[in-house]
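Take a short walk through this model. We begin with a pocket, move on to charged pairs, and end with two buried side chains.

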Amino acid sequence: MSIQTEKLSATSKSARLRKKQKSPLEKNEHIAGWLFVAPMLIGVFMFVLLPIAATFVLSMTDWKFVQNMDQLKWVGFGNFTDLMSDRVFLKSLLNNGIFLLTVPICMAISLLLAVVIDKSVYMKSYFKVAFFMPYISSVVAIAVVWQVLFHPSAGPINQTLMALGIDNPPTWIADPNFSLISVMLIQIWISVGFNLIVYIAGLQAIPKQLYEAAEMDGANGWDKFRKITFPMVSPTSFFLLITGVIASFKVFDLIAVLTKGGPMHSSSVLVWHLYDTAFVNLDIGYSSAMAMVLFVIVFLITIIQWIGQKKWVNY
């Protein structure tokens, strides 16, 4: 038994040595693999990881963009403490929370349109292209068009409202009470097309046999939507929810063209306030602290969504 045990141990040792000693071909393949992924790894390090680390370090400092590096002052968590008493920052954070409502509203409209177009509409391709055009159009051009539409006196929207008997229609982007709502309406109009195309793809992946079986059991249209369509497109909804939430925290171009955060910071969001602080007021340390807060918020929301998907997403 001892001789057999020694033979087995010797065989296992030689096998481990052979695994450790790679052939020249395996070594070349290993090197070639690293060379292929090296550009991507270098890009991620230079343009993602390094800026995140630099932003974290700068968030702990008091430094203006026009100052030399030797004038950089270490303030620790002082910038984060000041953020908690910054009225404009808190208003921007609240506006971002309100702006999140565009995500479920857009998803609901898109799902409804997708169901109708996928089942009951002639010339489906035309409607797909028509709804998708705003998403692929220039946001600046879209903002300029809506700026004309929202004109307080000569805009087509208010002209129509006055023709319907409304004497004092809202001034939209010029009104502190309606400026954020106006931007949200435009964002929904832009995003519906993308969500619609994704939902249609999800609907077409649902097996038709499920609907046929439901019809045989006497299910009506609402029952089929509630018990088949909605659960089966839950992975699509989860994808659109995550991407929509992240996109809502990155909204900038519409604000920059239409309102510039006004009037009276009523439409200011985190990214716009960050840009204004960093590149107008040139306060890099304070704006870096805002960037870190934004990063943490988006990260936490994404983690919560990943945890919650187990309860409502059906794969």
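In this predicted model, the largest pocket is lined by 23 residues. Tyr135, Gln187, Ser191, Ala247 and Ser248 lie nearest its centre. Four elements give two or more residues to this lining: α5 (102–120), α9 (179–204), α12 and α13. Helix α12 gives the most, with six residues. The volume of the largest pocket is about 490 Å³.

Helix α12 (234–249) also serves as a packing partner for α14. The buried residues of α14 pack against α12, and against α4, α13 (253–258) and α15 (284–312) as well. Which residues of α14, spanning 270–280, are buried? They are Leu270, Val271, Trp272, His273, Leu274, Thr277 and Ala278. After α14 comes Leu282, with a positive phi near 60°.

Now turn to the charged pairs. Side chains of opposite charge can pair when their charged atoms come close. How many salt bridges does the whole structure hold? A search finds three.

One of them joins Lys64 and Asp283, at 3.3 Å from N to O. Lys64 sits in the loop between β1 and β2 (73–74), and Asp283 in the loop between α14 and α15, so the pair ties together parts 219 residues apart in sequence. Lys64 is partly exposed, at 30% relative accessible area. Asp283 is at 14% and counts as buried.

Glu215 and Lys224 form another salt bridge, at 3.1 Å. Here Glu215 is partly exposed, at 48%, while Lys224 is buried, at 18%.

Asp223 and Arg226 also meet in a salt bridge, at 3.4 Å. Both belong to helix α11 (residues 221–232); they are three residues apart, so about one helical turn separates them. Asp223 is partly exposed, at 25%, and Arg226 is partly exposed too, at 39%.

Asp86 tells another story. This residue is buried yet has no salt bridge. The nearest side chain of opposite charge belongs to Arg87, 6.8 Å away. A salt bridge needs the atoms within 4 Å, so Arg87 does not qualify. What does the side chain of Asp86 make a polar contact with? The partner is the side chain of Tyr286, at 2.8 Å. Asp86 lies in the loop between α3 (78–83) and α4 (87–99), and touches His273 as well as Tyr286.

Finish at Thr61, in strand β1 (residues 61–62). At 2% relative accessibility, Thr61 is buried. Its side chain reaches the backbone oxygen of Leu58 at 2.7 Å. Farther along the sequence, the contacts of Thr61 include Trp74, Asn79 and Gly285.

Technical notes
Residues numbered from 1 in each chain as written. Predicted model: local features only at pLDDT ≥ 70, side-chain atom pairs only at ≥ 80, totals over all residues. Heavy atoms only, no water. Buried < 20%, exposed > 50% of the residue type's maximum accessible area, 1.4 Å probe, protein only. Lys, Arg positive; Asp, Glu negative; His and termini not counted. Polar contact = N/O pair within 3.5 Å; in protein donor to acceptor, adjacent residues only side chain to side chain. Contact = heavy atoms within 4.5 Å. 1 Å grid on protein atoms, 1.4 Å probe; cavity = no way out; pocket = protein on both sides within 12 Å on 5 of 7 lines; lining within 4 Å. Points joined across faces, edges and corners; volume = space filled by probe spheres on them. Lists of a residue's contacts leave out its neighbours within four places in sequence.
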